[in-house]
Amino acid sequence: NKDNASDTSGTPGYMAPEVIRRRNHSFPADYFALGVMVYEFMLEDGRTSAKTDKRLDADSGKASESGFRITAEGMVHESIDFVNSLLLRDPAARLGASGIQEIKQHEWLRQVDWVRL
């Protein structure tokens with residue numbers, strides 16, 4: 001692993017905690033950004049990233065059920081779990097830290113035909 005602690009390029013609202021804190025980071029930092037984007041896509045009011053961080057719990061980084069667009073039975077909890085798993089502060093515990101298959105096999109995305117897509 002190369003030392004990339006000083007590399008902090010990106011949009012602050014999407015930066016993973018390890019990037020903001022100038023610690024070495026890898027692809028899980030991108031998965032954190034994905035979690036922020038998915039969260040924004042699901043917001044009822046279409047808030048921008050500048051306002052999104054106010055909707056995320058500052059301590060846990062977790063999304064709440066209020067404000068999500070998806071209302072199909074069973075989907076809200078799966079989508080919230082997906083977002084929360086991407087927004088974990090610890091990059092080693094973040095969804096996808098062990099590889100992209102973790103993300104592809106998440107309950108919310110399990111029905112996606114990845115080959116066809």
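**Isoleucine 103, the core and two partly exposed residues**

Let me begin with isoleucine 103, which, once its neighbours within four places in sequence are left aside, is in contact with Tyr31, Phe82, Leu86, Leu95, Gly96 and Leu109. I should say at once that what we are looking at is a predicted model.

From that residue we can move to the largest nonpolar core, which has 19 residues, and in which Ile103 is among those that touch the most other members, together with Val38, Phe82, Val83, Leu86 and Trp108. Two elements, α2 (28–42) and α4 (75–86), give two or more residues to this core, and of the elements α2 gives the most, with seven residues. As general background, nonpolar side chains in soluble globular proteins tend to be buried together.

Now, what lies in the loop between α4 and α5 (100–104)? Alanine 93 is found there, and this residue counts as partly exposed because its relative accessible area of 43% falls between the cut-offs of 20% for buried and 50% for exposed. Alanine 93 and proline 28 are 65 residues apart in sequence, and their C-alpha atoms are 9.2 Å apart in space.

Finally, I would like to turn to the segment after α5, where valine 112 lies. Is valine 112 buried, partly exposed or exposed? Its relative accessibility is 31%, which is over the 20% limit for buried and not over the 50% needed for exposed, so valine 112 is, again, partly exposed. Together with Trp114 and Leu117, Val112 makes a nonpolar surface patch of about 300 Å².

How values were computed: Residues numbered from 1 in each chain as written. Predicted model: local features only at pLDDT ≥ 70, side-chain atom pairs only at ≥ 80, totals over all residues. Heavy atoms only, no water. Core = buried A, V, L, I, M, F, W, Y, C linked by side-chain atoms within 4.5 Å. Buried < 20%, exposed > 50% of the residue type's maximum accessible area, 1.4 Å probe, protein only. Helix = DSSP H or I, 4+ residues; strand = E, 2+ residues; numbered from the N terminus. Contact = heavy atoms within 4.5 Å. Patch = residues over 30% accessible without salt bridge, like charges linked within 9 Å, V, L, I, M, F, W, Y side chains within 5 Å. Areas by Shrake-Rupley, 256 points an atom, 1.4 Å probe, with all protein chains shown as cover. Salt bridge = Lys/Arg side-chain N within 4 Å of Asp/Glu carboxyl O.
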